[in-house]
Amino acid sequence: MKKYEVMYILRSNLEQEAIKNEVNEVKEIFTNNGANVLECKEWGLRELAYEIDHMRKGYYVWMLVEAGSKALEEFNRIAGYSESIVRSIVVKDGE
């Protein structure tokens, strides 16, 4: 398994409890598919570089995971249709 940095942005209008649930669900996506979540940092509500779906702010979450292709494919699949996740990116860690 290789290390990847995962960044995703949640809708700014989510309540704190909903944000906590979303972060836990994303962690479960990785762990249920054989990956290890090494770090997870919630960067909080930040200004977006450009407007997305009439929103100017989003809740940023960064993760470092050790994962195989199955876990990455499942995350991308779910992030693609999730109402809560407005943007996501997965980048191979340079280490």
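1. Let's start with helix H2 in this predicted model. Its buried residues are Ala71, Leu72, Phe75, Ile78 and Ala79. Looking down the axis of H2, you will find these buried residues within an arc of 135 degrees, so they line one face of the helix. A general point helps here: an α-helix has 3.6 residues a turn, so residues three or four places apart point the same way.

2. Turn to the other side of H2 and you meet exposed residues: Ser69, Lys70, Glu73, Gly80 and Tyr81. The cover over the buried residues of H2 includes E1, H1, E3 and E4.

3. The length of H2 checks out too. With 13 residues at 1.5 Å each, H2 should span 18 Å, and the 19 Å between its end C-alpha atoms agrees with that.

4. Phe75 deserves a closer look. Beyond residues up to four places away in sequence, Phe75 touches Val6, Tyr8, Val26, Ile29, Phe30, Ser88 and Val90. Phe75 is also among the residues with the most contacts inside the largest nonpolar core, along with Tyr8, Leu10, Phe30 and Met63. That core has 21 residues, and E1 (2-11), H1 (16-32), E3 (55-67) and H2 (69-81) each supply at least two of them. A second, separate core has 9 residues, including Met7, Ile9, Ile52 and Tyr60.

5. One more residue to inspect is Asp93, in the segment after strand E4 (85-92). Which side chain of opposite charge is nearest to Asp93? It is Lys3, 5.2 Å away; Asp93 is buried yet has no salt bridge. Setting aside neighbours within four places in sequence, Asp93 contacts Lys3, Tyr4, Glu5 and Leu64.

Terms used: Residues are numbered from 1 along each chain as its sequence is written. This is a predicted model: local features need pLDDT of at least 70, side-chain atom pairs count only at pLDDT 80 or more; totals for chains, interfaces and linings use all residues. Side-chain values use heavy atoms; hydrogens and water are left out. A nonpolar core is a set of buried Ala, Val, Leu, Ile, Met, Phe, Trp, Tyr and Cys residues joined through side-chain atoms within 4.5 Å. Buried means under 20% relative accessible area, exposed over 50%, partly exposed in between (1.4 Å probe, protein chains only). Helices (H or I, at least four residues) and strands (E, at least two) are DSSP runs, numbered from the N terminus. Contact means heavy atoms within 4.5 Å. Lys and Arg count as positive and Asp and Glu as negative; His and the chain ends are not counted. A salt bridge is a side-chain nitrogen of Lys or Arg within 4 Å of a carboxyl oxygen of Asp or Glu. The expected span of a helix is 1.5 Å times one less than its number of residues. The arc is that of the directions from the helix axis to the C-beta atoms.
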